[in-house]
Amino acid sequence: MTTLKTPIAFTANNLLDGEAVWLGRNGAWVKSVASANVFSTEDERKIAFEAAARADQENLVVEPYEIEVAFESGQVTPLKFRERIRATGPTMRLDLGKQAEQSAAVEIAAAAA
Amino acid sequence: MYRYDEFDREFVAARVAQFRDQVARRVSGELSEDNFKPLRLHNGVYLQLHAYMLRVAVPYGTLNSSQMRMLAHIARKYDRDYGHFTTRQNIQFNWPKLADIPDILEDLASVEMHAIQTSGNCIRNVTADHFAGASADEVADPRPYAEILRQWSTIHPEFLFLPRKFKIAVIGSPSDRAAMQFHDIGLEVRKNDQGELGLRVFVGGGLGRTPMIGKLIRDWLPEEDMLSYCEAILRVYNLYGRRDNKYKARIKILVHETGLEELKEDVEVEFERIRDGVLKLPDEDVAAITEYFAPPQFDQIPERSDSIEHAKLDNRSFARWVGQNVSEHSQSGYGIVTVALKGTGEAPGDATSAQMDVLADLGERYSHDELRVSHEQNVILPHVRLSDLKAVYDALLEAGMASPNAGLITDIIACPGLDYCALATARSIPVAQELSQRFADLDRQNDIGELKLKISGCINACGHHHVGHIGILGVDRRGEELYQVTLGGSGDEQAAVGEIIGRGFAADEITNAVETIVDTYLSRRLSDDETFLDAYRRLGPQPFKDALYPAKEAA
């Protein structure tokens, strides 16, 4: 079992709305990189690659590819800046993209508390 | 303005229906992404970092108030309530859902707009001087020529799969406000000594990773031969342009590698073969198209508006805005208003749906129902009575669009960059925002004077950095954003490609670097009238290098 130098995840865009998604546990595509499945060995990568390719063929997602990730404060975080922007949203418009949804969720939770 | 005829209407409607079917087949799985991608690209649909992106064509940058209102409606209904005006006089929506795009295209078609050929290796939306039909120095309105080119190039069967994309710009004044010489074909409408209209033709200009100034291939081309000559150029390019390497596939590379004289021979041979054929433009056809662009019924009014002169005395901000954002009109008593979409700290070229509605209202009420999009990511109200300027200003002020900075250092061009674009290697908008804030002081901006600052987030140069007086190119260096600076570029009639000044700057250094460049200019200029570009041309790069990279003092 070969261990990868850097752990990876698979990402793509949803076919219907173009939203950035990541391959999660149980083969589902998830909208938050925090829920991405992280693969650390060559065998896992092969299986994940096949799952991603299958989702592409089944027209769930568009053009999946792998990204390098790390755990920062226990959270899955992409290493590349480009992928971090995909995972959050435009850096100068915090009201747009996933960051906006996440902050809205926090606000709703706070209001409910 | 041009109005669709029956053919245009049917064609665009058929294209919407066709794309609706293609989207349905993609969603059902009948079409794979490989099959679908070229189809969506030919309809202006990209897939970017966060979502799909739809690029809508604004032919030669001209639109009426209904069209602007429709863009606002699309932003509101299908997107995130804003649009981004681009450096090719188009507008991009950054968040549409694939399933909604056929409906968006149908809405666009209802106001005679579409997204056809805003992507792909075809002849793209033809651009023109945004002051067309209004500027005081105009020889002839370039838009009839651009419209004829649009009709010829739209789904031209021979030129839909060129070696690479192909961009044409047309100007009708000696002043080049459209960066004409940085297009695959650049056309300048001129008059000869007999008073006849014709064209000066440039070929092989472009930006991107290999910036080139277009070369003069014909000093005089009778207007009746415009399409034959362009077709001859395209045919030679289609035949000999490289298809083995996309980075060497633009016509500029062919011109550079073949040599202008040899290429010109081939073009002239083909031109002679076809010039008396179907593409020869009959006078009556040119006249019919020109009629669409006939000037509006201007009132005969005095050159000077006393009420405006008084308002300027009363209101310094208004006076500043008039001085900077209103240009001379060919018609006495009128002015051309540049609405700078460049408020302090804002993303260049972005407008909310509410702002687009205001622009539409102002165009309808005060500018003979006409608006323009400039390649500098501003919106133009081309025909405003001087006596209406205060009302226009007040409305713009209320809508947050009265920045009095047209042509100044904060009138920055910036591509979407890494915040949106799948090709980008660094962010551009945040750099523009920080610079806009750093130089926000209007007295300081006016003291600096005309200075074009342009920022691209990758080597493809959508932000036109090569022709910025100060150009900034963002690249990725080992995972960090790095910004290279070029100086002395110019997209006007004295076209020049900027020179790289030295090593790049980190994201947190670039604003200071620009300030150092500006301070160096201010300390070295001969007088307040010597612009940055003039000073750079006189001084050369050395004083700027010395200021940016001071030699380390000997220990």
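**View 1. Ile8(A) stands opposite Glu68(A) of strand β5 in this predicted model.** The pair belongs to a longer partnership: strand β1 (residues 3-14) of chain A and β5 (residues 61-72) run antiparallel. Six bridges join β1(A) to β5(A). Ile8(A) also stands opposite Phe39(A), in β4(A). Follow Ile8(A) to Glu68(A) for β5(A), and to Phe39(A) for β4(A).

**View 2. Strand β4 (residues 39-41) of chain A pairs with β1(A).** The pairing is antiparallel. Two bridges make up the pairing of β1(A) with β4(A). Phe39(A) of β4(A) is the residue to find here, opposite Ile8(A).

**View 3. β1(A) and β2(A) form a hairpin.** Five residues lie between the two strands. One of the turn residues, Gly18(A), has a positive phi of about 75 degrees. Strand β2 covers residues 20-23 of chain A. Three bridges join β2(A) to β1(A), and the strands run antiparallel. Across this pairing, Ala12(A) stands opposite Val21(A) of β2(A).

**View 4. β5(A) and β6(A) form another hairpin, with two residues between them.** Ser73(A) sits in the turn and has a positive phi of about 50 degrees. Strand β6 spans residues 75-78 of chain A. β5(A) and β6(A) pair in the antiparallel sense over four bridges. Phe71(A) stands opposite Val76(A), which lies in β6(A). β5(A) is therefore a strand with two partners named in these views, given that a pairing needs at least two bridges: β1(A), through six bridges, and β6(A), through four.

**View 5. Val170(B) and Ile233(B) have the most contacts inside the largest nonpolar core.** This core has 185 residues. Its largest share, nine residues, comes from helix α6 (residues 226-240) of chain B. Which residues does Ile233(B) contact, leaving aside its neighbours within four places in sequence? They are Ile185(B), Val203(B) and Val267(B). In soluble globular proteins, nonpolar side chains tend to be buried together.

**View 6. Chains A and B meet through 21 residues from chain A and 21 residues from chain B.** On the side of chain A that touches chain B, β5 and α2 (81-88) each supply at least two residues. The largest share of that side, four residues, comes from α2(A). What classes of residue make up the side of chain A that touches chain B? It has nine nonpolar, six polar and six charged residues. β5(A) thus appears in two settings: paired with β1(A), and among the elements of chain A that touch chain B.

How values were computed:
Residues numbered from 1 in each chain as written. Chains lettered and ligands numbered in written order. Predicted model: local features only at pLDDT ≥ 70, side-chain atom pairs only at ≥ 80, totals over all residues. Core = buried A, V, L, I, M, F, W, Y, C linked by C-beta atoms within 7 Å. Buried ≥ 20, exposed ≤ 12 C-beta atoms within 10 Å, placed from the backbone. Contact = placed C-beta atoms within 7 Å. Nonpolar A, V, L, I, M, F, W, Y, C, P; charged D, E, K, R; others polar.
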